[in-house]
Amino acid sequence: MGIRGLMSFVEDHSNEFFTDLKLRDTKIVIDGYALFHRLCFNSNLELRYGGDYDSFADVAQKFFESLFACNICPYVVLDGGCDISDKKLKTLKDRAREKIQMAHSLSVGGGGYVCPLLIREVFIQVLIKLQVCFVQCFSEADRDIMTLANHWNCPVLSSDSDFCIFDLKTGFCPLNSFQWRNVNTIKGTQDCYIPAKCFSLDALCHHFSNMNKALLPLFAVLCGNDHINLPIIETFLSKVHLPLGATNSKGRRHHRVLGLLNWLSHFADPIEALDNVLKYLPKKDRENVKEILCCSMEEYQQSQVKLQDFFQHGTYACPAALNLDLPEWVLVALAKGQLSPFISDALVLRRTILHTQVENMQQPNAHRVSLPIRQIIYGLLLNASPHLENMSWKALPSQPLAFSEVERINKNIKTSIVNAVALPKDHADLSKLTEIRKSCGRLVLGCCMKSSRE
């Protein structure tokens, strides 16, 4: 996740870019996706046999109990579905391929890190049990996390290097140095704290000739992040002389990070720096590249979503979601984590990515068993909004009832076209689905059960 090479670079300069914290008596905004992956992969859980869910739930509960003991009030923010622009599709497919290779390795007794399929749902169950406040965003959560943390003047807990770029008022605490298993007591008191480290954006900028922090989003997109993959950027990097500023092995390992930060530090602002980037590109490409870079840089600006309204009043207003005119109950259920991101991806993009699990890679993937049930779900999601009906589905053929699924075929991925089951109109009005009579609900459920047996 995040910017290639940046996290290892700042960790190699821990004494310069991080300060020690004794974290207590504060709110903290937690990147839920990063946390449940960290807890899953760093707790000696069994990952080979479908999910060591009891042990995971126990670890997750102990994590939050450590926070409570230090009077730290957590607010967990989970990623939702893919962005409507689909700008991360290539990254998501690349990660899906990597997960298949790791799942194969695990299946034959090797190493690897693949979350069991229901780990997210178990994590949410723990949050509900412990009454930890959480929200599931409509799409990616990073900007919403940053905006909420700045509103409350509290730190962010994550492992995503994007938070080294966001201008956070109270800083960013990486999960790998957050010692929640090592709760300490302040000498002479009964007050507890968790030892942590906090990244300082000001310290990073000071290290690079007091560079303007507004240049960092341009650094992120030039260095390479999840949102942008422009081969022509390699043209710029091959032509510009990047001042490395270090000659040791660590410097060579972080050549691009060091070089770009040193180079950008010579410019007063992003406009001047961007103009200098474009000078190295063919004239015919400059306007298009400028538009893409500027659009990607906006991903590091404040979000319009005010998560504090959700946590304080239960209202979730996301402009991107509201513009789609989806039923209110769907938006509320997504925000509360009652519907998975699978639903929003199917609704908005008419495409889903079926997560890989550890299984025999020579056999059809286990998701094939539930295909008839997903076809019923897709049928229920049809005609959800006039805005969605009028959209042009780039990845789909012309069939009006078609959805696409990215699934594992042997040890690779393939996009399969799946036809939704057409349901009677009086049973398939998504806006009134929560209001239908029990008899109609039983009929739809019966269709699911019948389809799954066929």
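The following exchange asks how several descriptions of this predicted model follow from their definitions.

User: What should be known about the model and its numbering before the values are read?
Analyst: This is a predicted model, in which local features need pLDDT of at least 70 and side-chain atom pairs count only at pLDDT 80 or more, whereas totals for chains, interfaces and linings use all residues. Residues are numbered from 1 along each chain as its sequence is written, and side-chain values use heavy atoms, with hydrogens and water left out.

User: How many helices and strands are there in the protein chain, and what counts as one?
Analyst: The protein chain has 21 helices and 11 strands, where helices (H or I, at least four residues) and strands (E, at least two) are DSSP runs, numbered from the N terminus.

User: Why is Cys 173 said to be in no disulfide?
Analyst: A disulfide is a pair of cysteine sulfur atoms within 2.5 Å, and by this rule the count comes to 0 disulfides. For Cys 173, the nearest cysteine sulfur belongs to Cys 198 and is 4.6 Å away, so Cys 173 does not meet the cut-off. For Cys 295, the nearest cysteine sulfur is that of Cys 294, at 8.8 Å, and Cys 295 is therefore also in no disulfide.

User: What makes Cys 173 buried and Cys 295 partly exposed?
Analyst: Buried means under 20% relative accessible area, exposed means over 50%, and partly exposed lies in between (1.4 Å probe, protein chains only). Cys 173 has a relative accessible area of 0% and is therefore buried, while Cys 295, with 46%, is partly exposed.

User: How do you know that His 254 counts as buried, and what does His 254 touch?
Analyst: The relative accessibility of His 254 is 3%, so His 254 counts as buried. His 254 is found in the loop between α11 (249-253) and α12 (255-264). With contact meaning heavy atoms within 4.5 Å, His 254 touches Gly 5, Ser 8, Phe 9 and Asp 12, not counting residues up to four places away in sequence. A polar atom of the His 254 side chain also lies 3.4 Å from the backbone nitrogen of Phe 9.

User: Why is α12 described as largely enclosed by the rest of the structure?
Analyst: Of the 10 residues of α12, 8 are buried, so α12 is largely enclosed by the rest of the structure. Among the buried residues are Val 257, Leu 258, Trp 263 and Leu 264.

User: What makes helix α7 largely enclosed, and what covers the buried residues of α7?
Analyst: Helix α7 (residues 142-152) has 9 of its 11 residues buried, so α7 is largely enclosed by the rest of the structure. The buried residues include Asp 142, Ile 145, Asn 150 and Trp 152, and what covers the buried residues of α7 includes β2 (26-31), β3 (72-78), β5 (156-158) and α15 (307-313). Just after α7, Asn 153 takes a positive phi of about 60 degrees.

User: Where is Gly 111 found, and which residues does Gly 111 touch?
Analyst: Gly 111 is found in the loop between α5 (89-107) and α6 (119-129). Not counting residues up to four places away in sequence, Gly 111 touches Met 102, Ser 105 and Leu 106. Gly 111 and Arg 48 are 63 residues apart in sequence, with their C-alpha atoms 9.6 Å apart in space.

User: What share of the protein chain is buried?
Analyst: Buried residues make up 50% of the 454 residues in the protein chain.

Note on methods. A polar contact is a pair of N or O atoms within 3.5 Å; within protein, one must be able to donate a hydrogen and the other to accept it, and residues adjacent in sequence count only if both atoms are side-chain atoms.
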